[in-house]
Protein chains: 2
Amino acid sequence: MNEIKIFSPATVANVSCGFDVLGFCLDSVGDDMVIRKTDKKGVFITKIVGFDLPYETELNVAGVSALAMYNAIDVDFGFEIEIYKNIKPGSGIGSSAASAVGSVFGMNELLGRPFNKTELTAFAIKGEAIASKCEHADNLAPALFGGFTLVKSINPVQILEIPSPSDLYATIIHPQIEIKTSESRAVLPKEVALSDAITQWANVGSLVHALHTNDYNLLKDSLHDVIVEPHRSKLIPHYNDVKQASLQAGALGCGISGSGPSIFSLSKGLETANNIKEAINNVYAKTGIEFDIHVSKINTEGVKIV
Amino acid sequence: MNEIKIFSPATVANVSCGFDVLGFCLDSVGDDMVIRKTDKKGVFITKIVGFDLPYETELNVAGVSALAMYNAIDVDFGFEIEIYKNIKPGSGIGSSAASAVGSVFGMNELLGRPFNKTELTAFAIKGEAIASKCEHADNLAPALFGGFTLVKSINPVQILEIPSPSDLYATIIHPQIEIKTSESRAVLPKEVALSDAITQWANVGSLVHALHTNDYNLLKDSLHDVIVEPHRSKLIPHYNDVKQASLQAGALGCGISGSGPSIFSLSKGLETANNIKEAINNVYAKTGIEFDIHVSKINTEGVKIV
């Protein structure tokens, strides 16, 4: 096998109470990528469709993660990477993670899987770091493993796969505005009240328990964020209206996807997810801000060959 | 049935990262209680053996929780309570919780179980409050439900039963010193670093996952407390030596039980738990401080009729 086509999915990180640790994988949105062996040694980005991203391997997220893996192997051939980008950079649903994951996953397949997913995460972190200016795996983990993931640590990489109910859907609105990373970081408090932290970790514990036990009511009770949402939600126009409409339409919970501006809702069943889409659409249609909305089942597979 | 004998177990609260929310139940230590119907209406403490505690119903933990339940029912008889106290008050393994739980559990049995365990928790909270000066269910929940519990909230009472591996043992050392509640509260920080809080909730999430998946290695990786232990451990003489000896003897984790002075270790299997007992004994035997050590399987049943 010399060429492989990959679907690398969008993901939601910072799931409510699970700021910086919990993420999940989408299946209706993602990038397509082609990875190809080539006689020339090295890693080469040969095609980028969709968005204006750098072709220089060392400046490209997919290129940097691919190089991290390439430098760990000893082969007499190279790799070409084509990127068909559907996830808009900066949208808050793991655009850079999809690129970082796609290249290392595809190369690993062409090489006969010498690396496990934890090792792939470590390579992908290097690519993700050039996009987000820090090493984190919040989006990489769900893109690679699928489903819900908990990033226990990144040094060493330790990813936990949390099971989730089979009928869980996400509705994601992406308002077409830009939030600067520096701004979304600047609004985070450096210190938090111990009482709030306790509330948050009670919710994290109960969210993990709810996912293990398919307890939708407990999911609803646990999807709260008393630490980050109060600060970051101010950066997203009409956030509270979207949240209110989403919950009224039956969402189990609603929160900021990654560092925004996308907003996710979780719900039981496709019908409710579509009702939420309509409710959110009604809110945002009045704002004059361009947006799109996706409905997606939780993708338990993650990145895959197509 | 007019009389019932109860075993009400000791418990460990504030399990490492799960400060204020996670607890577990012991089976080798606990109080015995006798609850008896009596013609005279009201609740009466008729016997207390072991420690000097008040006989006035309104001043006794078991009495107050019993009264909370008694006031919620309408019967033409009363209850007598005998308390054979084995758990030393102030030892940090849920002495007051055992009293509060035993009376309401026993009365509920004699009444034909009109209340579920969540409702019993709410009554018991009233008794616990007079001992600890605040309403909390960290020890009540594991005493009533058994096993590992997560107190999701106390208003309303919401207790989650987290499964645990069958071969999990606790070793508990109780140094015979007094730590004033006011002092153990005073050392707690009001604010904590967001980065520490994130580490803590990652550990809580992964601890719950480890308990669900019987993953002892992950239990070991998760039983860390970066928030409270650094402050409260200073109040317990030789804490760090005990912890080091315990971990070297094979403990999965070691932490402060409740607000101390007891220290708990968790381990896989009775043999390791006994090795830990010996290692801790060697540390404390040199200190001149009186102490006792218990080894206990995790008690999955909780309070029970004997």
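This report describes the domains, the interfaces and selected local features of a predicted model with chains A and B.

## Annotated regions and domain assignment

Two annotations from an unreviewed UniProt entry apply to chain A. The feature "domain: GHMP kinase N-terminal" is placed at residues 69–147 of chain A. Over that span the chain is 51% helix and 9% strand, and its end C-alpha atoms are 24 Å apart. The feature "domain: GHMP kinase C-terminal" covers residues 208–285 of chain A according to the unreviewed UniProt entry. Residues 208–285 of chain A are 54% helix and 13% strand, with end C-alpha atoms that lie 35 Å apart.

The domain assignment of chain A has its own bounds: domain 1 spans 3–162 and domain 2 spans 168–297. In the contact between these domains, 27 residues come from domain 1 of chain A and 34 residues from domain 2 of chain A. The C-alpha centres of the two domains of chain A lie 24 Å apart.

## The interface between the domains of chain A

Together, domain 1 of chain A and domain 2 of chain A bury about 2,200 Å², and 66% of this area is on carbon and sulfur atoms. On the side of domain 1 of chain A, the residues that lose the most area to domain 2 of chain A are Ser16(A), Cys17(A) and Phe19(A), which together account for 26% of what that side buries. The search finds 0 salt bridges across this interface of domain 1 and domain 2 of chain A. Polar contacts are present, however: 10 residue pairs, with both residues at pLDDT 80 or more, are found across the interface of the two domains of chain A.

Three strands of chain A, β1 (3–12), β2 (22–38) and β5 (148–154), each supply at least two residues of the side of domain 1 that touches domain 2. The largest share of that side, 7 residues, comes from β2(A). By class, the residues of domain 1 of chain A that touch domain 2 of chain A comprise 15 nonpolar, 9 polar and 3 charged.

## The interface between the chains

Chain B and chain A each contribute 37 residues to the contact between them. The two chains bury about 2,700 Å² between them, 70% of it on carbon and sulfur atoms. On the side of chain B, Lys152(B), Leu194(B) and Trp201(B) supply 26% of the area buried against chain A, more than any other three residues. Across the interface of chain B and chain A there are 0 salt bridges by the rule applied, while 13 residue pairs are in polar contact, both residues of each pair being at pLDDT 80 or more.

Several elements of chain B give two or more residues to the side that touches chain A: β5, β6, β8 (191–193), α6 (194–213) and α7 (216–222). Of these, α6(B) gives the most, with 14 residues. The side of chain B that touches chain A has 21 nonpolar, 10 polar and 6 charged residues.

## Salt bridges

Over all chains, the search of the whole structure finds 14 salt bridges. In one of them, the side chains of Arg36(A) and Glu80(A) meet with an N to O distance of 2.9 Å. This pair links distant parts of the chain, with Arg36(A) in strand β2 of chain A and Glu80(A) in strand β4 (residues 78–84) of chain A, 44 residues apart.

In chain B, Lys85(B) forms a salt bridge with Asp31(B), and the closest N and O atoms are 2.1 Å apart. Lys85(B) lies in the loop between β4 (78–84) and α2 (95–110) of chain B, whereas Asp31(B) is in strand β2 (residues 22–38) of chain B, so the pair ties together parts that are 54 residues apart in sequence.

## Backbone features

Chain A has a cis peptide bond from Asn155(A) to Pro156(A), with omega near 5°. Pro156(A) is found in the loop between β5 and β6 (157–162) of chain A. In chain B, a cis peptide bond joins Asn155(B) and Pro156(B), with omega about 5°. Pro156(B) lies in the loop between β5 (148–154) and β6 (157–162) of chain B.

A further backbone feature concerns Arg113(A), which has a positive phi of about 60° although it is not a glycine. Arg113(A) lies in the loop between α2 (95–110) and α3 (117–132) of chain A.

How values were computed: Residues are numbered from 1 along each chain as its sequence is written. Chains are lettered from A and ligands numbered from 1 in the order in which they are written. Side-chain values use heavy atoms; hydrogens and water are left out. UniProt positions are given in the numbering used here, feature names are shortened, and annotations may be inferred rather than shown by experiment. Helices (H or I, at least four residues) and strands (E, at least two) are DSSP runs, numbered from the N terminus. Domain bounds come from an automatic or database domain assignment. Contact means heavy atoms within 4.5 Å. Buried area is the accessible area (1.4 Å probe) that two parts lose on being put together, summed over both. A salt bridge is a side-chain nitrogen of Lys or Arg within 4 Å of a carboxyl oxygen of Asp or Glu. A polar contact is a pair of N or O atoms within 3.5 Å; within protein, one must be able to donate a hydrogen and the other to accept it, and residues adjacent in sequence count only if both atoms are side-chain atoms. Ala, Val, Leu, Ile, Met, Phe, Trp, Tyr, Cys and Pro count as nonpolar, Asp, Glu, Lys and Arg as charged, and the others, Gly among them, as polar.
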